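Got the viewer open? Here is a short tour, stop by stop, with something to select at each one.

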Amino acid sequence: MPAPKPSTFTGRYSVFAIAREAMRLHTGWKRAWASPEPRKKYQIVIVGAGGHGLATAYYLGRNFGITDIAVIEKGWLGGGNTGRNTTIIRSNYLQDPSAAIYNKALQLYENLSQDLNYNIMFSPRGLLMLAQTEHEVRGYKRTAYANQLQGVATEWISPKRIKDMLPIINIEGPRYPVLGGLYQERGGTARHDAVAWGYARACSAMGMHIIQNCEVTGIETANGQVAAVNTARGRIECDKLALVVAGHSSVLAEMAGFRLPIESLALQALVSEPIKPCCDLVIMANTVHGYLSQSDKGEMVIGGGTDGFNNYTQRGSWHHVEETVRALVETFPMLSRLKMLRQWGGIVDMTGDRSPILSATPVGNIFVNCGWGTGGFKAIPGSGWAMAELIAKGQPGPLAAEFGLNRFAEGRFIDESVAAGVAH
Ligand SMILES: Cc1cc2nc3c(=O)[nH]c(=O)nc-3n(C[C@H](O)[C@H](O)[C@H](O)COP(=O)(O)OP(=O)(O)OC[C@H]3O[C@@H](n4cnc5c(N)ncnc54)[C@H](O)[C@@H]3O)c2cc1C
C-alpha cells in the first residue's frame, strides 16, 4: 500500500508533539512546508530561496502583514551558499553601518529558534580572530575600540589567554606567532540548513508559496516598472520583485536591464574526519588565511579562500585544500594528522568595498539584496529584516540606508576589506 502523502505541518513543534508522535510511532509528522503550484500573480515575488530571500519573505509577513508572496528557487531551498558556508556568526565589524546590521542579525539569531519554533542550533561558543602580524594587531585593536563605541561587546586578548582557552594552538609559530586576538564572546555558529528550513516552514505557515525547481529565465518590465517574471514553470506577474540570488545577481540584473558592481567567485571549504571535542571556539586566522570550528559531529570545519578568477563553478579544487591546510597546520599542528573528508564551493557575490547592497534599482519596484560575499550567513536575519522594510515601504530604514547602490556612484564606500582583510 503506498504511504499516505503527508500534508503541511501547521502545528507547533514542542516536547508534547514529540511525546504524542512517540506514542503513535511517528506516523503523524507532516511536511514542514508546502510545495504548491505557482499562481499567475503575486503581490511580491522574491527570486532565490536562500537564507536572505526566505528571511525577507518571513519579515514581510511578520512585521508588515504581507503574505501574498512567492519565493522562487531554481534548485532546492538552501541549496546555494546558505547550505555551503562554514556557519560563522559574529558582529565585530569596523564600520558603523556594518556593525549595526550584523549586530541586529546576531540579536535576532539569539532568539531565532524560539521565534521560528525551529531549532537552528545557534551555538554562541565565542569567536576569536587571531592577530599574527603587527598590522593585524593595530587593525584589531582599532576594531575593538570602534566596537566599544558601537555598543558591540568585543575585547582584545593576550596570547596567554588564547593558549588557555585553546590548548591545541601553537602560539609560537615560526613564521606567524600569535600576537593576540579580537574576541567576541557572543559570536559562534548555527546550523545553516536549519536556518533556511526554519524560515521556509514559517513562511509556508503564513500562506506564502515557496516554489522550488523553478528557474527565473526572464524579467518583463512595462513603463519602467516590473511587470512579471518568466520561469521554467510559466509567467508570473508581480507588483514588486526582489532579486536575492547571491552569486547570480549580475545575471538576474541583466535580465532586468541594469548592471551591478558585483563579481562572482567560487569560495571553498572542507571538513575533516570527526574527532573528539578539542576546539570549542570559532577561530579565524586571516593572515595565513584559514578559519576553523568543530561541528557537533566532531568534524573540523575549515574555510579557505576564493578563486583568483571569476567563475560559476560550485565545487572545490585541490590547490585550495592544500594551501588552506598548509596555512593552518603551522598554527594548529594537530591538523596534520587528520584526514579530510569533503570539500565544496559556493559562488559568492563580491562588491568592491566588501559590503552588501540592499537597494532599489533603476527599474521601478525591483529591489536587490546581494553583495554579502564571503560573509552573509551571519547577516541573514538582519538582512531579511532590513530588506522587508525596504520592499514594504519603498524606502530603506536605518539599517539599509547606507547600503544603497548609489554609494558606488557617490564614492561613499563602506570599506570592510581594509577593515577585516576577510569578511567571513
Ligand atoms: C564556502 C563558503 C563559506 C562561507 N562561510 C561563511 C561563514 O562562515 N559565515 C558567513 O557569515 N558567511 C559565509 N559564507 C557566505 C554566505 O554563505 C552567503 O553570504 C550567504 O549564504 C548568502 O545567502 P543568500 O541567501 O544571499 O544566497 P544563496 O543561499 O546562494 O541563495 C540564492 C539562491 O538563488 C537561487 N538562484 C540563483 N539564480 C536563480 C534563478 N535564475 N532563478 C531562481 N533562483 C535562482 C540559487 O539557486 C540559490 O539557492 C560562506 C560562503 C561559502 C560559499
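**Stop 1: the ligand**

Select the ligand and the residues around it: 40 residues make up the surroundings, and the closest are Gly48, Gly50, Gly80, Gly346 and Gly376. Keep in mind as you click around that this is a predicted model.

Now colour that shell by residue class. You should get 14 nonpolar, 21 polar and five charged residues. For the secondary structure behind it, highlight helix H2 (51-64), strand E12 (263-274) and strand E16 (340-350), since each of these supplies at least two residues of the shell.

**Stop 2: the two domains**

Zoom out and give each domain its own colour. Domain 1 covers 35-84 + 193-262 + 353-420, while domain 2 covers 127-185 + 264-350. Where does the ligand lie relative to them? Between the two, because domain 1 and domain 2 both give residues to its shell.

Taken over C-alpha atoms, the centres of the two domains are separated by 30 Å. For the contact region, select 15 residues of domain 1 and the 11 residues of domain 2 that they are in contact with. On the domain 1 side, the residues touching domain 2 divide into five nonpolar, eight polar and two charged.

**Stop 3: the eight-stranded sheet**

Switch to cartoon view and trace the open sheet of eight strands in the order E5-E6-E4-E13-E14-E15-E12-E16, where the pairing is mixed. At the edges sit strand E5 (155-157) and E16, each of which pairs on one side only. Ignoring direction, neighbouring strands of this sheet are turned by 20° against each other on average.

Next, bring up helix H9 (residues 318-331). H9 lies across E12, strand E13 (282-285), E14, E15 and E16, and runs at about 120° to E15.

**Stop 4: strand E14 and its partners**

Pick out strand E14 (residues 290-294). How many of its residues are buried? Five of five, so to speak a strand that is mostly covered. Rotate the view to check both faces: Gly290, Leu292 and Gln294 are buried on one side, and Tyr291 and Ser293 are buried on the other.

Look at E13 beside it. E13 and E14 pair in the antiparallel sense over three bridges, and Ile283 has Leu292 in E14 as its bridge partner. The two strands form a hairpin with four residues between them, and His289 in the turn has a positive phi of about 65°.

Then turn to strand E15 (residues 299-306), which pairs with E14 in the antiparallel sense over four bridges. Two positions are good ones to label here. Tyr291 has Gly303 in E15 as its bridge partner, and Ser293 stands opposite Val301 in E15. E14 and E15 also form a hairpin, again with four residues between the strands, and in this one Gly298 takes a positive phi near 105°.

**Last stop: Tyr145**

Finally, go to helix H5 (residues 134-150) and select Tyr145, which lies in this helix. Is Tyr145 buried, exposed or partly exposed? Partly exposed, because 13 other C-beta atoms lie within 10 Å, whereas a buried residue would need 20 or more and an exposed one 12 or fewer.

Before you leave, draw a C-alpha to C-alpha distance from Tyr145 to Leu94: the two are 51 residues apart in sequence and 9.1 Å apart in space.

Terms used
Residues are numbered from 1 along each chain as its sequence is written. This is a predicted model: local features need pLDDT of at least 70, side-chain atom pairs count only at pLDDT 80 or more; totals for chains, interfaces and linings use all residues. A residue is near a molecule or strand if its C-beta atom, placed from the backbone, lies within 6 Å of it. Ala, Val, Leu, Ile, Met, Phe, Trp, Tyr, Cys and Pro count as nonpolar, Asp, Glu, Lys and Arg as charged, and the others, Gly among them, as polar. Domain bounds come from an automatic or database domain assignment. Two strands pair if DSSP finds at least two bridges between them. Axes are lines fitted to C-alpha atoms, for helices over the stretch in contact, and angles run from 0 to 180 degrees between N-to-C directions. Two residues are in contact if their C-beta atoms, placed from the backbone, lie within 7 Å.
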